[in-house]
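This report describes one protein model, beginning with a single residue and ending with the whole chain. Please keep the sequence and the structure in view while reading.

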Amino acid sequence: MKRYVILGGGYGGLAIIGRLLEGELPSDVQLVLVDRMPYQGLKTEYYALAAGAVSDMEIRVQFPSDPRVHIHYGNVQAIDLDAQLLHFSNDEPLSYDHLVIGLGCTDKYHNIEGAEQFGNSIQSLASTRRTYQLLNDIKPYGQVNIVGGGLSGVELAAELRESRADLNIRILDRGGRVLSSFPEKLSRFVSGWFNERGVELRSHVNVSRLEDGVIYNRTDDGEEEIHSHVTVWTAGIQPVEAVQKLIVPKDPQGRVIINPYHQIPDYPNVYVVGDCASLPFSPSAQAAGAQGEQIAHVMRAMWQGETPNLGKIKLKGVLGALGKKSGFGVVGKRAVVGYVPRVIKSGVLWMSKHHKG
């Protein structure tokens, strides 16, 4: 038997499995899904869980129930590409013939002192649960600071505003405006939404270090102390530690460089999908899903002795939520704001929950 191991039951890994299960598998192929949880956590909705706007159960998606897929529960510590072995924290090593690395990302702290210790995360389901508990336990009129004005920070701040109208919420961003990678029209709309609802936006904040209850902003005059009851860190991501340890070519963001078939060039039996892969666009669930479908196509072509024929991945756009009734996004090349993008995002979420793309 040839063991095809998919590391990570996220958007990319499940897209691969879903496509492969649509047809017959070769008799000598065994599919193994490795994950530390018995279900997929919808990472695009972790901000809502942290804000207390949805329950844990609402963002769980069950793995496919199919006798052709063997599920192995474990926390991957290291990947030995030469020996073709996976090492776990509390389990025996697992060998593979072909491997897909789709372990996702973790926070990037930019070597800022105290950021990992005092900057609470929403990158994993476990860390999001802890962050929710801290946010839930803040007394009325307490201060929440969100470091990072990108998509995650903005969605969290908006959902938290609707969930806890009593809190003081502030977004600290290093750039000149929130959502700096989006069109300025969207940034202005989002800033207006926050201003109307009393969410403070601070730009050009250069976080130098964090302590318990204090964020230090480096200024021309020294350090400004910004007091905080809870600080949430949404200021950058990087591949997980197991991928950081791989001695293979990577891009400046630490993501693995892959060939047109999504394989590591020196290890063509190893594919990389999602946040761990060096792609020409920003990491996203949509990109991981599209890439996963192409990897499934490559695998099927190999089984049939054919040359894979892959087109260019084209993303449909990006959507963000501002609470339950408003949103923003880029669909194609068009910037959209208001109720419509929020409805579209809800529809996309429904499809993800029901394995429909």
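## Leucine 85

Leu85 counts as partly exposed, with a relative accessibility of 25%. This class covers values that are neither under 20%, which would be buried, nor over 50%, which would be exposed. The structure is a predicted model, and the values in this report should be read accordingly.

Leu85 belongs to strand E7, which covers residues 85-88. When residues up to four places away in sequence are not counted, Leu85 touches Ala78, Ile79 and Asp80, as well as Pro93, Leu94, Ser95 and Tyr96. Pro183 provides another point of reference: 98 residues separate Leu85 from Pro183 in sequence, and their C-alpha atoms are 44 Å apart in space.

## Glutamate 24

Is Glu24 buried or exposed? Its relative accessible area is 68%, and Glu24 is therefore exposed, since the cut-off for that class is over 50%. The residue is found in the loop that runs between helix H1 (11-20) and strand E2 (29-35).

Which residues are in contact with Glu24, if neighbours within four places in sequence are left aside? They are Arg68 and Arg300. Along the chain, Glu24 and Arg68 are 44 residues apart, and a distance of 9.8 Å separates their C-alpha atoms.

## The annotated domain

The UniProt record, an unreviewed entry, places the feature "domain: FAD/NAD(P)-binding" at residues 3-304. Within residues 3-304, helix makes up 27% of the chain and strand 28%. The C-alpha atoms at the two ends of this segment are 17 Å apart.

## The whole protein

The secondary structure of the protein consists of 9 helices and 23 strands. The radius of gyration is 21 Å, close to the 21 Å given by the globule rule for 357 residues, so the protein is as compact as a globular protein of that length. Along the principal axes, the C-alpha trace spans about 65 × 40 × 35 Å.

Of the 357 residues, 50% count as buried. If one considers contacts between residues at least 6 apart in sequence, 65% of them join residues at least 24 apart.

## Surface and charge

The accessible surface of the protein amounts to about 17300 Å², and carbon and sulfur atoms account for 49% of it. The protein has 37 positive and 38 negative charges, and the mean positions of these two groups are 7 Å apart.

Methods: Residues are numbered from 1 along each chain as its sequence is written. This is a predicted model: local features need pLDDT of at least 70, side-chain atom pairs count only at pLDDT 80 or more; totals for chains, interfaces and linings use all residues. Side-chain values use heavy atoms; hydrogens and water are left out. Helices (H or I, at least four residues) and strands (E, at least two) are DSSP runs, numbered from the N terminus. The radius of gyration is taken over C-alpha atoms; the globule rule is 2.2 Å times the number of residues to the power 0.38. Buried means under 20% relative accessible area, exposed over 50%, partly exposed in between (1.4 Å probe, protein chains only). Contact means heavy atoms within 4.5 Å. Accessible areas come from the Shrake-Rupley method with a 1.4 Å probe; for residues, only the protein chains shown count as cover. Lys and Arg count as positive and Asp and Glu as negative; His and the chain ends are not counted. The place of a charge is taken as NZ of Lys, CZ of Arg, CG of Asp or CD of Glu. UniProt positions are given in the numbering used here, feature names are shortened, and annotations may be inferred rather than shown by experiment.
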